[in-house]
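I opened a fresh page to record what I looked up in this structure, going from the ligand outwards. The entries are kept short.

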Amino acid sequence: MRTKVIAANWKMYKTPDQTRDFFRDFLPLVSDHTRDEIVVCPPFLDLPAALESAKGSNVAVGAQNVHWKEEGAFTGETSVVQLVALGIHHVIIGHSERRQYFGETDDTVNLRLKTALEAGFTPICCVGEVLEEREAGATDDVLRRQCTRAFHSISAKKAAKLVVAYEPVWAIGTGKTATPEIAAEAHAVIRHEASRIFGEEFASNLRILYGGSVKPENASALMGQEEIDGALVGGASLDAKSFAAIVKY
Ligand code: PEP
């Protein structure tokens, strides 16, 4: 049995005060929830407020990115050392918005992933095809390439805490959701690739989340698929009631 992970990606939304307000409303709604792991990933600036608010609760706080160097002249970047000093141990890596707008490549995803795993983090590594790739029938090849490159020269032992998120780019923030069947098929491709790279046992324990317009209304159908081990939620995670409803699908 794989414990599901329900993770929130707040992208570039909320101030520290709004972060505190969210946790004030959200925590009582999920305080008795033990079935799944819950992670909230706010912008860097909100991490201290989130950590302070979530202290002693069943909700972990994660970052949305991390650099692969421990320190250095890398303006605008954040290191694992800095995140650990705050008390952060979860991080989203390779989100499609980073790939699309900030020059993230399969190779930089690999560097970030290696560093995060080395530091004992639980990385949520995002993969997924754009619409043209899906329409061209290239989805499986894209997922295989993204996984092969992201996991390059990482051992199964090192990758133990790895979580993968399948996020079809055409479904992110668009209101279009992959059907549970489409998502489950893509998850099977990712699991097969993980099995080829890390071995069968590793792959059978690997948690693969679905992300792309998950809402309270579709969470249960998606989570009902055996292949889907949780959700990475953008827009619908910004509201405490809506994210709590997804957690409790
Ligand atoms: C995301 O940002 O990872 C995401 C899935 O966004 P949304 O739920 O808004 O589609």
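The entries below cover the ligand site, two residues beside it, a helix, the nonpolar cores and a few single positions.

**Ligand site.** I note at the outset that this is a predicted model. I first listed the shell around the ligand and found 14 residues, of which Lys11, Glu167, Gly173, Ser213 and Gly234 come nearest. By kind, the shell residues divide into eight polar, four nonpolar and two charged. I then looked for polar backbone atoms facing the oxygen atoms of the ligand: glycine 173 places one at 2.6 Å from a ligand oxygen, and glycine 234 places one at 2.8 Å. For glycine 235, a backbone N or O atom likewise lies 2.8 Å from an oxygen atom of the ligand. The ligand on its own has 290 Å² of accessible area, and the protein covers 96% of this.

**Serine 213.** Having met this residue in the ligand shell, I placed it in the loop that runs between strand E7 (207–211) and helix H10 (216–223). Because its relative accessibility is 14%, I count serine 213 as buried. Its side chain reaches the backbone oxygen of alanine 171 at 2.7 Å, and its contacts beyond four places in sequence are Ala171, Gly173, Thr174, Gly175, Lys176, Thr177 and Asn218.

**Lysine 11.** This residue, also listed among those that come nearest to the ligand, lies in the loop between strand E1 (5–9) and H1. Is lysine 11 buried or exposed? It counts as buried, because its relative accessibility is 19% and the cut-off for buried is under 20%. Its phi is positive, near 50 degrees, in a residue other than glycine. I add for context that most residues other than glycine have a negative phi.

**Serine 153.** I found a second entry of this kind in serine 153, a residue other than glycine with a positive phi near 55 degrees. Serine 153 sits in the loop between helix H7 (139–150) and strand E6 (163–166), and I class it as exposed because its relative accessible area is 55%.

**Helix H2.** In this helix, which spans residues 47–54, I recorded Leu47, Ala49, Ala50, Leu51 and Ala54 as the buried residues. Their cover includes helix H1 (16–30), strand E3 (59–63) and helix H3 (80–86). After H2 comes glycine 56, with a positive phi near 75 degrees.

**Threonine 19.** Turning to helix H1, I looked up threonine 19, which lies within it and counts as buried because its relative accessibility is 0%. Which residues does threonine 19 touch, not counting those up to four places away in sequence? They are Trp10, Lys14, Asp46, Ala49 and Ala50. The side chain of threonine 19 also reaches the backbone oxygen of threonine 15, at 2.8 Å.

**Nonpolar cores.** The largest nonpolar core holds 66 residues, and Phe23, Phe26, Leu113, Leu162, Tyr210 and Phe243 have the most contacts inside it. Helix H8 (residues 180–198) supplies the largest share of this core, six residues. For phenylalanine 23 I listed the contacts outside its neighbours within four places in sequence, and these are Trp10, Pro28, Val40, Ala50, Ser53, Ala54, Val59 and Val61. Apart from the largest core there is another, of eleven residues, including Ala7, Val39, Cys41 and Cys126.

Key
Residues are numbered from 1 along each chain as its sequence is written. This is a predicted model: local features need pLDDT of at least 70, side-chain atom pairs count only at pLDDT 80 or more; totals for chains, interfaces and linings use all residues. Side-chain values use heavy atoms; hydrogens and water are left out. A residue is near a molecule or strand if one of its heavy atoms lies within 4 Å of it. A polar contact is a pair of N or O atoms within 3.5 Å; within protein, one must be able to donate a hydrogen and the other to accept it, and residues adjacent in sequence count only if both atoms are side-chain atoms. Accessible areas come from the Shrake-Rupley method with a 1.4 Å probe; for residues, only the protein chains shown count as cover. Ala, Val, Leu, Ile, Met, Phe, Trp, Tyr, Cys and Pro count as nonpolar, Asp, Glu, Lys and Arg as charged, and the others, Gly among them, as polar. Buried means under 20% relative accessible area, exposed over 50%, partly exposed in between (1.4 Å probe, protein chains only). Helices (H or I, at least four residues) and strands (E, at least two) are DSSP runs, numbered from the N terminus. Contact means heavy atoms within 4.5 Å. A nonpolar core is a set of buried Ala, Val, Leu, Ile, Met, Phe, Trp, Tyr and Cys residues joined through side-chain atoms within 4.5 Å.
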